[in-house]
Amino acid sequence: MKRFLVLLLAAALALAPLCAQAATNAYGTEFLGYFEHVVNIRANPGDQKGNVGTIPAYTPVKLKPVSSAYAEVTYEGAHGYVYTGQVRVAPTQKDLDPYILTSSVNKVVYKLWTEAAGSKGSIPAGTQILVTQIWGDYYRAFTVGYGDGYIHKRDTVDGIKGIALTGSIVSDEDANVFELPLDGAPVKTLLQSERPYNVVQQINGYYQIKLEDGTDGYVLEGDAKRQATSAPVLTTAQPSTQQTITVPNTVDTPAEPAPEGTPAPNPQELPPVPEPKANVVYIAQVNQATSYYTAPNLSSETFDSITKSPVSVVLVPAENGFFYWPQKKVYVNGQTLDIWEATERDGSMLIYCTVDVPLLQLPDPAAGKLGFTLVGGSAYNAQYEMDGYYVVPVTADGELGFILKSTEGVFELPKTRTVN
């Protein structure tokens with residue numbers, strides 16, 4: 001009998017890590033939380049002695065519940081579990097296109113999206129504040145005096161909004177790139193002369209640009225001029241290597257006369273687009289750096305804001321090498337995009353998901369998630385298919401998401417069939 005109990009105990013101990021792992025995978029959804037006091041990270045749930053690290057008060061961390069009382073966490077290299085009896089859930093975050101606001105009263109700049117986290121100081125009424133995110137009742141805000149911080153929404157006044165731009169800017173000489181589009185902001189780096197930088201928006205007398213490291217910078221409008229084309233993709237130089245670009249010769253040189261009878265060249269003529277085919281559509285991904293046109297020719301480029309992030313859409317063959325985006329009523333140059341062929345389904349079959357399935361941004365298993373999820377227990381209309389993928393429309397602007405046909409828990413269902 002003793003031997004049987006010993007074996008039973010050994011088996012239970014062997015299964016314990018597997019049970020903990022199963023709980024980690026199945027119990028709850030990961031969320032962003034924080035504590036109002038220092039919290040110990042334990043090696044195992046409930047272990048009061050196995051301390052492997054600590055989390056400072058008011059430090060946001062991602063938590064994955066493994067039970068009603070403990071959550072898995074990783075912080076500064078320490079991986080383990082924390083007691084969640086006093087956890088605070090961080091407010092919902094919303095990203096914004098940066099814009100500037102002011103307040104009619106003095107405002108406290110807090111360290112986090114809660115007053116309990118403490119303040120960095122106070123800014124006087126009328127101070128310009130650059131807002132980039134909303135966290136519950138707070139703005140994530142940047143000021144010249146305190147840098148990154150949070151202010152409460154109350155008593156704020158909408159001020160200067162940016163105008164989204166495409167293309168690039170270039171300067172005749174080196175110019176300052178500031179950390180913020182505000183008077184008195186510190187200089188972040190230098191804009192190299194005669195080198196194009198992709199522009200994001202125009203705000204408060206500044207151009208917002210993308211730097212090589214992916215961060216934003218701001219250049220005074222008077223220090224640069226705008227051009228329609230996007231900046232070329234440049235390979236990051238070694239620290240000791242100076243990067244240069246070739247500036248095209250802009251001096252007009254008389255051309256040799258063409259032989260008599262030779263038709264005049266059309267500089268705007270592009271190769272023809274494919275002829276429309278039955279049940280075939282053309283899909284491409286466009287983004288803010290894509291050039292858009294109001295007509296199918298290169299002289300009609302528009303600088304209006306079209307899209308703020310990469311999206312995949314159905315394009316309709318037009319003429320002169322251009323495709324048309326019906327929902328936005330703009331044209332794109334087919335020579336600048338990867339165009340994929342997809343087949344339009346007849347609508348008789350839906351796809352049914354038994355589990356939640358996130359859609360992909362592109363027809364590529366390595367592509368990032370789109371931000372839309374097909375909910376388990378529901379059927380959806382996959383309007384197109386291509387190369388082993390279902391293609392699902394997700395927005396009124398024609399944005400598409402992709403899902404592998406071989407995804408576990410996804411199968412086709414006749415449209416007339418009812419799912420219980």
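**Exercise 1. Two residues with positive phi**

Task: Locate Glu76 in the chain, then decide whether Glu76 is buried or exposed.

Solution.
Step 1. Glu76 sits in the loop that runs between strand 5 (70-75) and strand 6 (78-83). The model is a predicted one.
Step 2. Look at the backbone. Glu76 is not a glycine, yet its phi is positive, about 50°.
Step 3. Check the surface. The relative accessible area of Glu76 is 71%. The cut-off for exposed is over 50%, so Glu76 is exposed.

Task: Do the same for Asn204: which loop holds it, and how does its relative accessibility class it?

Solution.
Step 1. Asn204 belongs to the loop between strand 19 (197-203) and strand 20 (206-210).
Step 2. Asn204 also is not a glycine and has a positive phi, about 55°.
Step 3. Its relative accessibility is 25%. Buried needs under 20% and exposed needs over 50%. Therefore Asn204 counts as partly exposed.

**Exercise 2. The whole protein**

Task: Find how many helices and strands the protein has, and what share of its residues is buried.

Solution.
Step 1. Count the elements. The protein has 1 helix and 37 strands.
Step 2. Turn to burial. Of the 420 residues in the protein, 36% are buried.
Step 3. Add the contacts. Take those in the protein with a separation of 6 or more: 59% of them join residues 24 or more positions apart.

**Exercise 3. The partners of strand 1**

Task: Name the strands that pair with strand 1 and give the sense of each pairing.

Solution.
Step 1. Start with strand 4 (residues 61-65). Strand 1 (residues 31-34) is joined to it by 3 bridges, and the two run antiparallel.
Step 2. Pick out one bridge. Leu32 has Lys62 in strand 4 as its partner.
Step 3. Move on to strand 7 (residues 88-89). It pairs with strand 1 over 2 bridges, again in the antiparallel sense.
Step 4. Find the residue opposite Tyr34. It is Arg88 in strand 7.
Step 5. Follow Tyr34 further. Tyr34 forms one aromatic cluster with Tyr58, Trp113, Trp135 and Tyr150.

**Exercise 4. An aromatic pair**

Task: Classify the aromatic pair of Tyr292 and Trp325.

Solution.
Step 1. Recall what is needed. A pair of aromatic rings is described by how far apart the centres are and by the angle of the planes.
Step 2. Count the pairs. The model has 13 aromatic pairs.
Step 3. Take the values for Tyr292 and Trp325. The centres are 6.4 Å apart, and the planes make 40°.
Step 4. Apply the cut-offs. Stacked is under 30 degrees and edge-to-face is over 60. The pair is tilted.
Step 5. Place the rings in the chain. Tyr292 is in strand 24 (residues 292-293) and Trp325 is in strand 27 (residues 322-325). They are 33 residues apart, and the pair links distant parts of the chain.
Step 6. Check burial. Tyr292 has 1% relative accessibility, so it counts as buried. Trp325 has 2%, so it counts as buried too.

**Exercise 5. Around Tyr99**

Task: Describe the surroundings of Tyr99, starting with what lies over its face.

Solution.
Step 1. Lys161 lies over the face of Tyr99, 4.1 Å from the ring centre.
Step 2. Tyr99 is part of strand 8 (residues 93-103).
Step 3. Its relative accessible area is 10%, so Tyr99 is buried.
Step 4. List contacts beyond four places in sequence. Among them are Ile129, Leu130, Val131, Tyr139 and Ile203.
Step 5. Compare sequence and space. Tyr99 and Gln133 are 34 residues apart in sequence, and their C-alpha atoms are 9.9 Å apart.

**Exercise 6. The largest pocket**

Task: Find which element gives the largest share of the lining of the largest pocket.

Solution.
Step 1. Give the space. The largest pocket holds about 690 Å³.
Step 2. Look at the lining. It has 23 residues, and the closest to the centre are Asp95, Leu96, Asp97, Pro98 and Lys308.
Step 3. Find the elements that give two or more residues. They include strand 8, strand 11 (129-135) and strand 12 (138-143).
Step 4. Pick the largest share. Strand 8 gives it, with 5 residues.

Conventions: Residues are numbered from 1 along each chain as its sequence is written. This is a predicted model: local features need pLDDT of at least 70, side-chain atom pairs count only at pLDDT 80 or more; totals for chains, interfaces and linings use all residues. Side-chain values use heavy atoms; hydrogens and water are left out. Rings of Phe, Tyr and Trp (its six-membered ring) pair if their centres lie within 6.5 Å; planes under 30 degrees apart count as stacked, over 60 as edge-to-face and the rest as tilted. Helices (H or I, at least four residues) and strands (E, at least two) are DSSP runs, numbered from the N terminus. Buried means under 20% relative accessible area, exposed over 50%, partly exposed in between (1.4 Å probe, protein chains only). A charge sits over a ring if NZ of Lys or CZ of Arg is within 6 Å of the ring centre and within 35 degrees of the ring normal. Two strands pair if DSSP finds at least two bridges between them. Contact means heavy atoms within 4.5 Å. On a 1 Å grid over the protein atoms alone, a cavity is a set of points where a 1.4 Å probe fits but cannot get out, and a pocket is an open set with protein on both sides within 12 Å along at least five of seven lines; lining residues have an atom within 4 Å of a point. Grid points are joined across faces, edges and corners, and a volume is the space filled by probe spheres set on the points.
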